[in-house]
Number of protein chains: 2
Amino acid sequence: MTVAADGTGEKSEKRLSRDQRRERTAVAILAAARRLFAEHGYDRTTIRTVAAEVGVDPALVMQHFGAKERLFAAAVESTVDVSSLVHATTQELPAVALRHVFEGFEDVESRSSAEALLRNCLTHPEAMALLRDDVMGQTQAAVAATIGGDDAELRAAVLNACTLGITLARYLLEVPALADAGRDDLHRVLGPALQAIVTPVSEV
Amino acid sequence: MTVAADGTGEKSEKRLSRDQRRERTAVAILAAARRLFAEHGYDRTTIRTVAAEVGVDPALVMQHFGAKERLFAAAVESTVDVSSLVHATTQELPAVALRHVFEGFEDVESRSSAEALLRNCLTHPEAMALLRDDVMGQTQAAVAATIGGDDAELRAAVLNACTLGITLARYLLEVPALADAGRDDLHRVLGPALQAIVTPVSEV
């Protein structure tokens with residue numbers, strides 16, 4: 001059974017062009033894929049379960065995305081706004097990095113995409129490569145350019161690793177002290193630490 | 001086919017008591033389980049594949065460990081030496097925390113156990129609970145007691161989260177800038193940051 005993604009049924013469905021219907025189906029498939037990859041993990045999510053979630057035929061999912069690997073890549077496509085990192089000064093980097101942590105998981109829109117990627121990054125090579133080379137790689141390059149100096153890449157990678165650890169512990173492992181902490185508390189405790197990471201010793 | 005775990009064959013096998021042989025089989029099963037859980041993940045590791053790796057009957061693995069959940073728990077049993085954290089001063093905590101990171105993954109003995117736990121911690125509830133409540137929980141309590149003050153638990157949890165992020169990025173995701181960094185470089189870049197985390201602002 002095919003249902004309209006916005007639940008308005010067949011009447012408005014008929015007013016849409018073929019391309020608009022196609023686009024809307026793709027959006028619904030991606031949303032379902034994000035939820036399932038995030039909740040059940042890569043291995044237990046299949047083209048068939050995604051199709052069932054949307055209420056379409058598996059062949060239609062294949063027509064849109066080909067293989068499961070490509071559906072996964074499309075579902076977790078980076079929502080990291082690197083431009084805010086590019087424009088941040090060294091002094092601003094800690095706050096911008098923490099904002100990315102909060103926005104990635106506390107905005108409903110981006111949470112399932114971020115969670116689908118992170119949930120699978122240690123067990124599935126596709127997710128690992130996407131996280132390391134695309135998401136963390138892009139962020140590292142932007143931050144390293146701001147830091148400058150000999151060990152800019154290492155400092156940027158350490159900043160990335162610490163914010164990754166905070167994200168996993170707070171939102172996926174749900175360590176109580178971190179899950180219950182307010183944003184202000186995390187800014188207060190992490191701010192000086194992240195500042196130390198992005199500030200080469202010669203500039204202290 | 002049953003083989004002696006140390007490869008010395010049947011002759012020395014006969015000199016062992018029944019309890020010694022039983023103990024040696026358990027050690028071999030655990031070592032194989034660690035390798036397989038670390039390499040293939042929880043879902044794709046079974047009592048059957050572990051038994052095949054050791055060269056024993058699956059029934060023998062069941063006899064020793066019962067279910068797969070119990071085999072996993074025994075295989076990843078914490079090797080974190082919390083006593084060194086208990087005895088560390090606030091000034092010593094960053095170096096001790098980093099030593100745990102290096103020793104957990106750079107010593108052959110503990111690597112497969114640590115990797116089996118971390119590799120599965122985002123996709124398997126058993127691994128997640130063990131990491132959060134046992135390994136990270138124990139560490140957090142020891143570090144919080146040293147830090148003291150109102151936000152000691154939060155600071156200890158943040159220290160844990162950052163060292164977790166560094167461990168994952170360096171050894172599992174293998175982010176190049178971190179995987180290639182020497183221990184001294186990591187001490188230099190991370191030391192001041194970890195110090196800031198464990199030092200309440202009032203003491204600065």
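# A guided tour from a charged pair to the core

Select Arg183(A) to begin: in this predicted model, Arg183(A) has a relative accessible area of 37% and is therefore partly exposed, since that value falls between the limits of 20% for buried and 50% for exposed. Add Glu106(A) to the selection, and a salt bridge comes into view between Arg183(A) and Glu106(A), with 3.0 Å between the closest N and O atoms. This pair joins distant parts of the chain, for Arg183(A) belongs to helix H12 (residues 183–198) of chain A and Glu106(A) to helix H7 (residues 93–106) of chain A, and the two are 77 residues apart. Glu106(A), like its partner, counts as partly exposed, with a relative accessibility of 32%. As background for this stop, side chains of opposite charge can pair when their charged atoms come close. Over all chains, the count of salt bridges comes to 22.

Next, move to chain B and select Arg188(B) together with Asp185(B), whose side chains form a salt bridge at 3.0 Å from N to O. Both lie in helix H12 (residues 183–198) of chain B, and because they are three residues apart there, about one helical turn separates them. Arg188(B) is partly exposed at 35% relative accessibility, and Asp185(B) is partly exposed as well, at 30%. Keep these two residues displayed and add Asp151(A) and Arg155(A): the four of them, Asp151(A), Arg155(A), Asp185(B) and Arg188(B), are linked in a network of salt bridges.

Now select Arg155(B) and Asp151(B), where the side chains meet in a salt bridge with an N to O distance of 3.1 Å. Are these two residues buried or exposed? Both Arg155(B) and Asp151(B) are buried, whereas Arg188(B), at the previous stop, is partly exposed.

For the next stop, choose Thr163(B), which sits in helix H10 (residues 152–172) of chain B. Thr163(B) counts as buried because its relative accessibility is 13%, which is under the 20% limit. If neighbours within four places in sequence are set aside, the residues in contact with Thr163(B) are Ala97(B) and Val101(B).

From here, turn to the nonpolar interior. Which members of the largest nonpolar core touch the most other members? That core has 146 residues, and the ones that touch the most other members are Leu71(A), Val158(A), Leu71(B) and Val158(B). Select Leu71(B) and expand to its contacts: beyond its neighbours within four places in sequence, Leu71(B) is in contact with Ile29(B), Leu30(B), Ala33(B), Phe37(B), Ile47(B), Val50(B), Val61(B) and Phe65(B). In soluble globular proteins, nonpolar side chains tend to be buried together.

Then zoom out to the whole of chain A in a cartoon view, where there are twelve helices and zero strands. Of the 204 residues in chain A, 53% count as buried, and the chain exposes about 9,800 Å², with carbon and sulfur atoms supplying 52% of that area. Among the contacts in chain A with a separation of 6 or more, 63% are between residues 24 or more positions apart.

Finally, display both chains and superpose chain A on chain B, which takes a rotation of 180° with 0.0 Å of shift along its axis and gives an RMSD of 0.0 Å. The two copies are thus related as by a two-fold rotation axis. Both copies use the same surface, in that 100% of the contact residues of chain A recur in chain B.

Notes:
Residues are numbered from 1 along each chain as its sequence is written. Chains are lettered from A and ligands numbered from 1 in the order in which they are written. This is a predicted model: local features need pLDDT of at least 70, side-chain atom pairs count only at pLDDT 80 or more; totals for chains, interfaces and linings use all residues. Side-chain values use heavy atoms; hydrogens and water are left out. A nonpolar core is a set of buried Ala, Val, Leu, Ile, Met, Phe, Trp, Tyr and Cys residues joined through side-chain atoms within 4.5 Å. Buried means under 20% relative accessible area, exposed over 50%, partly exposed in between (1.4 Å probe, protein chains only). Contact means heavy atoms within 4.5 Å. Helices (H or I, at least four residues) and strands (E, at least two) are DSSP runs, numbered from the N terminus. Accessible areas come from the Shrake-Rupley method with a 1.4 Å probe; for residues, only the protein chains shown count as cover. Copies are superposed by least squares on the C-alpha atoms of residues with pLDDT of at least 70 in both. A salt bridge is a side-chain nitrogen of Lys or Arg within 4 Å of a carboxyl oxygen of Asp or Glu.
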